[in-house]
Amino acid sequence: QTTDWYLKLNPNGVVPTLVHDGAIIIDSSVIMEYLDEVFSGTPLTPADPVERAQMRKWMRYFEEVPTPSIRVPTFNQYLAKKLAKFSDEEYLELANNHPIRKQFYLRMKKGEGFDDRDTEEAIDRLRQTIARIEKGLEESGGPWLMGENLTLADYCVVPVFDRMDDLGLAGIWAENKIFIAWFDRIKQLEAYKLT
């Protein structure tokens, strides 16, 4: 995603990017909304404007809190050692090729990862997300974040929890029974099984 041809498609230098009928759509949640609007099937966006706003409130929270937070333990476990092999110049070039995450790369110590403070803050934000989901499920009456209807909000955050599981962080939600039941329902969906 740092090659010149990709940066022309997506100047943010991140994945995914969708090219559909000649249109370039970037940003995971924007792509999700686009696909829901363009393709037929069961809508994943509420028709009611207030409910749609509530769904988007969830999505923005997921974009701003758990999504950036999961990057810290991911980089610590998967990328820090790999990036240790880069020269200082190569590392700076890598950071510069990730325009919206440049400072994120520069804050990470090459070869070591993020310090304990950054890591603890990220884990705390992930815990907060699980607690917020539990509270939201209780308030909506479930089984989904928006109540009876599965929406883009439910799908939007699933990659964070999949990654947490991959990183050995699933123990964080061990006591969160409502969250666990919700995540188990997600895992039973055909769309999840296809991933």
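What percentage of the residues of the chain count as buried? In this predicted model, 39% of the 195 residues fall into that class. The chain contains ten helices and two strands, and, read from the N terminus, these elements follow the order α-β-β-α-α-α-α-α-α-α-α-α.

The overall dimensions were examined next. For 195 residues, a compact globule would be expected to show a radius of gyration near 16 Å, and the value of 18 Å computed for the chain agrees with this. Along the principal axes, the C-alpha atoms occupy a box of roughly 55 × 45 × 30 Å. Among contacts with a separation of 6 or more, 61% are made by residues 24 or more positions apart. The exposed surface of the chain amounts to about 11,300 Å², of which 51% is supplied by carbon and sulfur atoms. With regard to charge, the chain carries 24 positive and 32 negative side chains, the centres of the two sets lying 3 Å apart.

At the level of single residues, Asn10 is located in the loop between helix 1 (4-9) and strand 1 (17-20). Asn10 counts as buried because its relative accessibility is 0%, where the cut-off for this class is under 20%. A polar atom of the Asn10 side chain lies 3.0 Å from the backbone oxygen of Val14, and, when residues up to four places away in sequence are not counted, Asn10 touches Pro16, Thr17 and Ile26. Between Asn10 and Ile24, which are 14 residues apart in sequence, the C-alpha to C-alpha distance is 8.2 Å.

Terms used. Residues numbered from 1 in each chain as written. Predicted model: local features only at pLDDT ≥ 70, side-chain atom pairs only at ≥ 80, totals over all residues. Heavy atoms only, no water. Helix = DSSP H or I, 4+ residues; strand = E, 2+ residues; numbered from the N terminus. Rg over C-alpha atoms; globule rule 2.2 N^0.38 Å. Buried < 20%, exposed > 50% of the residue type's maximum accessible area, 1.4 Å probe, protein only. Contact = heavy atoms within 4.5 Å. Areas by Shrake-Rupley, 256 points an atom, 1.4 Å probe, with all protein chains shown as cover. Lys, Arg positive; Asp, Glu negative; His and termini not counted. Charge placed at Lys NZ, Arg CZ, Asp CG, Glu CD. Polar contact = N/O pair within 3.5 Å; in protein donor to acceptor, adjacent residues only side chain to side chain.
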